[in-house]
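Biologist: Please take a close look at the largest pocket of this protein chain and at the parts of the chain that form it. What lines it, and how does the rest of the chain look around it?

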Amino acid sequence: MLGVRLDSELESRLAALAERTHRSKSYHAKEALARYIEQEEAKEQADRESLERWEAYKENGESVSNQSVMDWLDSWGTDQEKPCPEK
């Protein structure tokens with residue numbers, strides 16, 4: 001069980017949404033919280049992966065040139081789409 005205090009505007013918007021959708025305010029609050037948590041967990045995972053890549057780069061110095069990446073991205077959606085550049 002979790003109690004959350006909402007300001008009057010947010011409470012009003014939530015109540016209106018619940019009425020329009022014929023769902024409870026609790027249903028919408030739970031859905032919103034689940035989506036928010038998923039989004040924040042994904043950001044944390046991306047940050048961890050970025051730090052891991054940075055540490056690997058500092059150890060071995062391997063990288064992909066900006067030009068290789070730009071050429072690859074420019075090929076997206078064309079008949080001659082290039083493979084992802086590698087180190």
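Modeller: Helices here are DSSP runs (H or I) of at least four residues and strands are E runs of at least two, both numbered from the N terminus. On that basis, in this predicted model, the protein chain reads α-α-α along its sequence. The radius of gyration is 22 Å, well over the 12 Å that the globule rule gives for 87 residues, so the protein chain is more spread out than a compact globule. Counted up, the secondary structure comes to 3 helices and 0 strands. Along the principal axes, the C-alpha atoms fill a box of roughly 55 × 35 × 20 Å.

Now to the pocket itself. The largest pocket has a volume of about 630 Å³. Its lining consists of 18 residues, and those nearest the centre are Leu14, His28, Ala29, Lys30 and Ala32. Two helices, H1 (8-21) and H2 (25-60), each supply at least two residues of this lining. H2 gives the most, with 10 residues.

Between H1 and H2 there is a loop, and His22 is found in it. Most residues other than glycine have a negative phi. His22 is not a glycine, yet its phi is positive, at about 60 degrees. The cut-off for an exposed residue is over 50% relative accessibility; His22 has 73% and therefore counts as exposed.

As for the surroundings, buried residues make up 7% of the 87 residues in the protein chain. The exposed area of the chain is about 8,000 Å², of which carbon and sulfur atoms supply 51%. The chain carries 13 positive and 20 negative charges, and the mean positions of these two sets are 8 Å apart.

In short, the pocket you asked about is lined by residues that include several from both H1 and H2, with H2 as the main contributor.

Methods. Residues numbered from 1 in each chain as written. Predicted model: local features only at pLDDT ≥ 70, side-chain atom pairs only at ≥ 80, totals over all residues. Heavy atoms only, no water. Rg over C-alpha atoms; globule rule 2.2 N^0.38 Å. Buried < 20%, exposed > 50% of the residue type's maximum accessible area, 1.4 Å probe, protein only. Areas by Shrake-Rupley, 256 points an atom, 1.4 Å probe, with all protein chains shown as cover. Lys, Arg positive; Asp, Glu negative; His and termini not counted. Charge placed at Lys NZ, Arg CZ, Asp CG, Glu CD. 1 Å grid on protein atoms, 1.4 Å probe; cavity = no way out; pocket = protein on both sides within 12 Å on 5 of 7 lines; lining within 4 Å. Points joined across faces, edges and corners; volume = space filled by probe spheres on them.
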